[in-house]
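Student: Hi! I have a structure open here and I'm not sure where to begin. Could you walk me through it?

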Amino acid sequence: GNHTQPKFILLGITDTPWAQAPLFGLFLLIYIVTLVGNVGLMVLVWVAPSLHTPMYFFLAHFSLADICYSTVISPRMLTDLLLGNKTISWAGCMTQFHLFALFATAECHLLAAMAYDRHVAICHPLLYVTVMSPRACRQLVAWSYLVASLSALIYTSCTFGGSFCGPRQVDHFFCDASPVLRLVCSDTRGSEAAIFALATANGLGTSVVILLSYGHILHTILGMRLAPSRARAFHTCASHLVSVSVFYGALFFMYLQPASRHGSRDKVASVFYTVVSPMLNPFIYSLRNKEVKAALGKCRRRM
């Protein structure tokens, strides 16, 4: 059934002709800023010795995941807006969804690793060098990608494992689980339940790690006697908290709700976490970050 009609049609963000050119310009600008910002942050972390710390090691991988899953979505969306050719092969649709699921899930686990890093740095500063050793950091990153790879395989098999029939019109601007599952002829309740359970395990599991880490951090900060120490400790966590709020807010709205409640608002939420959020993260971690500003200043003076 999957190979009798090997093409899908992505209906896109809008079918209004006059809106497609302005949207193309807007999303092209956002994608360019995303690439420049995240690549620039990765290069800065690589060349600046002052940023060779566990926090920025995780941040570099977070930027890499942002680049990858934004690239999985944005170029295809820009092509559709510019040329109007919205057909995509079954293999292309499956590959797009698989890569998107992989990097989005990896970001969840990288955010949890970053929260744990801040917890150790603030709550157990004397053990920080031992606990967050280079080997431990590499293991946490490897774990993030391993879990993400296995999860993406399950997501993809559940989404594309059935038989498709009728007009293969995906009511979205990329191949996501919910709009694709609406095109499956057979009963999808089992697949939807499996996807929901795994998304809950990844989303809530990593969010519990983040909440527990920040619960201990808050308790430690409130116990500090000096106000400058409390302000400095909170400042080191502010950027990460903003990224967590932006990413998890849109993600929970999309995937931790029953399939029957998905609607037109999904496209707005999807644009936010697939297109806008990867662009914002470099600014979130650099505009109010003194270490990044100092490293950037030194690189400018060298150049």
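Tutor: Happy to; we can go through the annotated regions, some ring pairs, the empty spaces and a few single residues.

Tutor: Keep in mind that this is a predicted model.

Student: Okay! Where does UniProt place the transmembrane regions?

Tutor: The UniProt record, an unreviewed entry, places the feature "transmembrane region" at residues 23–48, 55–77, 97–116, 140–164, 193–212, 233–256 and 268–287.

Student: How much of 97–116 is helix?

Tutor: In the model, residues 97–116 are 100% helix and 0% strand, with 29 Å between the end C-alpha atoms.

Student: And what about 140–164?

Tutor: There the chain is 84% helix, again with 0% strand. The C-alpha atoms at the two ends of 140–164 are 39 Å apart.

Student: Switching topic: how many aromatic pairs are there?

Tutor: The structure holds nine. One of them joins Phe-8 and Phe-164, with ring centres 5.3 Å apart and 85 degrees between the planes, which is an edge-to-face arrangement.

Student: Why does that pair tie together parts that are 156 residues apart in sequence?

Tutor: Because of where the two partners sit: Phe-8 is in strand 1 (residues 7–10), while Phe-164 is in the loop between helix 5 (134–160) and strand 3 (169–170).

Student: Is Phe-8 buried or exposed?

Tutor: Phe-8 is buried, with a relative accessible area of 0%. Phe-164 is buried too, at 5%.

Student: What kind of pair do Phe-97 and Phe-160 make?

Tutor: A tilted one, because their planes are at 50 degrees; the ring centres are 6.1 Å apart. Phe-97 lies in helix 3 (residues 90–123) and Phe-160 in helix 5, so this pair ties together parts 63 residues apart in sequence. Both Phe-97 and Phe-160 are buried.

Student: Which residues do the ring pairs link into a cluster?

Tutor: The cluster is made of Phe-8, Trp-90, Phe-97, Phe-160 and Phe-164.

Student: What lies over the face of Phe-8?

Tutor: That's Arg-168, at 5.3 Å from the ring centre.

Student: Now the empty spaces. How do people find them?

Tutor: A probe the size of a water molecule is rolled over the atoms, and this shows where empty space is left.

Student: How much space lies in the second largest pocket?

Tutor: About 270 Å³. The pocket is lined by 14 residues, and those closest to its centre are Val-36, Gly-37, Gly-40, Leu-41 and Leu-296.

Student: Which helices supply at least two residues of that lining?

Tutor: Helix 1 (17–47), helix 9 (265–286) and helix 10 (290–302) each do. Helix 1 has the largest share of the lining, with eight residues.

Student: And what classes of residue line the second largest pocket?

Tutor: Eleven are nonpolar, three are polar and none are charged.

Student: How many cavities of 30 Å³ or more are there?

Tutor: The count comes to two. The second largest cavity has about 60 Å³ of space.

Student: Which residues line the second largest cavity?

Tutor: Its lining is Leu-10, Gly-12, Ile-13, Thr-14, Met-77, Asp-80, Leu-81, Lys-86 and Phe-173. Helix 2 (residues 54–83) gives the most, with three residues. By class, this cavity lining has five nonpolar, two polar and two charged residues.

Student: Last topic: some single residues. Where is Ser-157?

Tutor: Ser-157 is in helix 5.

Student: Why does Ser-157 count as partly exposed?

Tutor: Because its relative accessible area is 45%, and partly exposed covers values between the under 20% of buried and the over 50% of exposed. Ser-157 and His-98 are 59 residues apart in sequence, and their C-alpha atoms are 9.2 Å apart in space.

Student: And Ala-199, buried or exposed?

Tutor: Ala-199 is buried, with a relative accessible area of 13%. You'll find Ala-199 in helix 7 (residues 189–222). From its C-alpha to that of Tyr-155 is 8.8 Å, with the two positions 44 residues apart in sequence numbering.

Student: One more! What about Val-271?

Tutor: Val-271 lies in helix 9, and at 14% relative accessibility Val-271 counts as buried. Val-271 and Val-184 are 87 residues apart along the chain, and their C-alpha atoms are separated by 24 Å.

Student: Thanks, that helps a lot!

Conventions: Residues numbered from 1 in each chain as written. Predicted model: local features only at pLDDT ≥ 70, side-chain atom pairs only at ≥ 80, totals over all residues. Heavy atoms only, no water. UniProt positions renumbered as here; feature names shortened; annotations may be inferred. Helix = DSSP H or I, 4+ residues; strand = E, 2+ residues; numbered from the N terminus. 1 Å grid on protein atoms, 1.4 Å probe; cavity = no way out; pocket = protein on both sides within 12 Å on 5 of 7 lines; lining within 4 Å. Points joined across faces, edges and corners; volume = space filled by probe spheres on them. Nonpolar A, V, L, I, M, F, W, Y, C, P; charged D, E, K, R; others polar. Phe/Tyr/Trp six-rings, centres within 6.5 Å; stacked < 30°, edge-to-face > 60°. Buried < 20%, exposed > 50% of the residue type's maximum accessible area, 1.4 Å probe, protein only. Lys NZ or Arg CZ within 6 Å of the ring centre and 35° of its normal.
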